[in-house]
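Biologist: I would like to go through this model term by term. Please set each value against its definition.

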Amino acid sequence: MLELAYLREHTDRVRKALRDRGLPDSELDAFLRIDAQRRQAITDVEGLKAERNRANAEIGRLKKERQDASALMLRMKEVSAQIKQLDQRADELDAQVRQWLLTLPNLPHESVPVGRSPAENAEVRRWGTPPAFDFEPKPHWDSGVSLGLLDFERASKMAGARFVVYTGLGARLERALADFMLDVHGREHGYHEVLPPFVINSAALVGTGQLPRFAGDLFKLGDTDYWLSPTAEVQVTNLFRDQTFRADALPLKFCAWTANFRSEAGSYGKETRGIVRQHQFQKVELVKFARPEQSYDELESLTQDAEVILQKLGLPYRVVALCTGDLGFAAAKTYDLEVWLPGQNTYKEISSCSNFEAFQARRAGIRYRVPGKSRSDYVHTLNGSGLAVGRTWMAVIENYQQADGSVVIPEALRPYMGGLERLEPSRGLFLDTFL
RNA sequence: GGAGGAGUGCCGGAGCGGUUGAACGGGGCCGCCUUGAAAGCGGCUAGUCCGCGAGAGCGGGCUCGGGGGUUCGAAUCCCUCCUCCUCCGCCA
């Protein structure tokens, strides 16, 4: 959410930001008119309320002195009726303004490249060398099944398309990756670990920006106010909704392992193979709360913290700065980490690290205060995947595949796999061996 | 799911419907005292919104879990929702 005063005073900058994002700016003027009406209504009703307060004090005084106050009371009855009416009008306008404001995206940071599509994203750096194979590397949806690690058929039996059952060592590898990531971020990078609910309410989703605009991307639980969380960004950021940090406590860093749920509406026929795009996936999320002057440094270090996981696992990747047209709704700036997938001959997003500046903090009411200063200010929030566990899983399977069909387990991961060094090929689905 | 109880400021804890934004205590901060500290004494100690102002600031509105109602006037009365606690049931 943008600041109203900023919107009024820098309408042109907001207009440009919308255009850079490839969005229409036609509603802006109408919005500003409604806002002007709203402020007029507030001024009017507050004048009447001030009058009422003065009269009430007078009535109290008269009663105490046993004098007649009935004339004044009668007049105030009328004033109160007026207040009620005007209040309603002000509330309506305020709701309109707020509703509209909630659908307005963040302003891109000045360092964000202007562009229309992902093609205009800017590659920032590359790490690692894609492994050379003297055979045709397989995509994980082949090897994952032939190694007896994934079972798509059984997942669709109990749930449907875009779900998977990890079986045997496949399940263990998923768990090992998550455990490894949490250990690195917790012990080496200083993040506080939390394990939040996976089911959340709409207020939390409004706070981080998924609602009201993107309800269609989410799973909602029947006729309740419960939703399945699409990312731990929601839970962890909302840990401090409507609260104020001590300035000296910032920057603060949290990490969380969660399951994430996305409806993937509108992605029919896209990336239907393998575990690239699932309705449920596990992710280790990094979230930071920072003071405004720190936040861009913190974005760099957050991105590096995520990169360390890929480096320790020996997975080649590149870092991409998203252009204005590809930038998420709430983000001011985003770096995507894209891991190399030899089986699919492409780089694929495995982490998205963003600075939201005060956009989420204003929605969620997250502030900080400098001791001695009376006025609080909004924090900057940041988050990034550190990393998407399922996508890391497939990157390991594809990058470490051998000619004989086996997969070497990266050394950093072996302590988490009971010392196992290699996943050996089996004959098809693990669970079919019991039939 | 059934039956009770409770939600007030940083914390504890008062509060006959009318100078109560809120007594009192604790904590914190500042000052006095002291070689230093403690004790003692004095003072200060919410946020947010609207308007005016270059700014320091000034004026006003709102806020006693959330929302609604009664009333000239609500922390105080009524309704409703939420959260927490106790007992029963059920469960991991």
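Modeller: Helix H12 (residues 389-399) is largely enclosed by the rest of the structure, because eleven of its eleven residues are buried. The model is predicted, so local features need pLDDT of at least 70 and side-chain atom pairs pLDDT 80 or more, while totals for chains, interfaces and linings use all residues. Residues are numbered from 1 along each chain as its sequence is written, chains are lettered from A and ligands numbered from 1 in the order in which they are written, and side-chain values use heavy atoms, without hydrogens and water.

Biologist: What makes a residue of H12 "buried"?

Modeller: Buried means under 20% relative accessible area, exposed means over 50%, and partly exposed is in between (1.4 Å probe, protein chains only). Among the buried residues of H12 are Trp393, Arg391 and Glu398. Helices (H or I, at least four residues) and strands (E, at least two) are DSSP runs, numbered from the N terminus.

Biologist: Why is serine 385 called buried?

Modeller: Its relative accessibility is 9%, under the 20% limit, so serine 385 counts as buried. Serine 385 lies in strand S16 (residues 380-388). Its side chain reaches the backbone nitrogen of serine 352 at 3.3 Å.

Biologist: What makes that a polar contact?

Modeller: A polar contact is a pair of N or O atoms within 3.5 Å; within protein, one must be able to donate a hydrogen and the other to accept it, and residues adjacent in sequence count only if both atoms are side-chain atoms. The 3.3 Å between serine 385 and serine 352 is within that limit.

Biologist: Why is valine 199 called partly exposed?

Modeller: Valine 199 has a relative accessible area of 33%, which lies between 20% and 50%, so partly exposed is the word. Valine 199 is in strand S5 (residues 199-201).

Biologist: Which residues are near RNA strand B, and what does "near" mean?

Modeller: A residue is near a strand if one of its heavy atoms lies within 4 Å of it. There are 23 residues around RNA strand B, and Asn53, Met73, Lys77, Ser80 and Ser376 come nearest. H3 gives the largest share of this surface, 13 residues.

Biologist: How do you know that arginine 367 and arginine 369 make polar contacts with RNA strand B?

Modeller: A side-chain N or O atom of arginine 367 is 3.3 Å from a phosphate oxygen of the strand. For arginine 369 the corresponding distance is 3.1 Å. Both values are within 3.5 Å, so they count as polar contacts.
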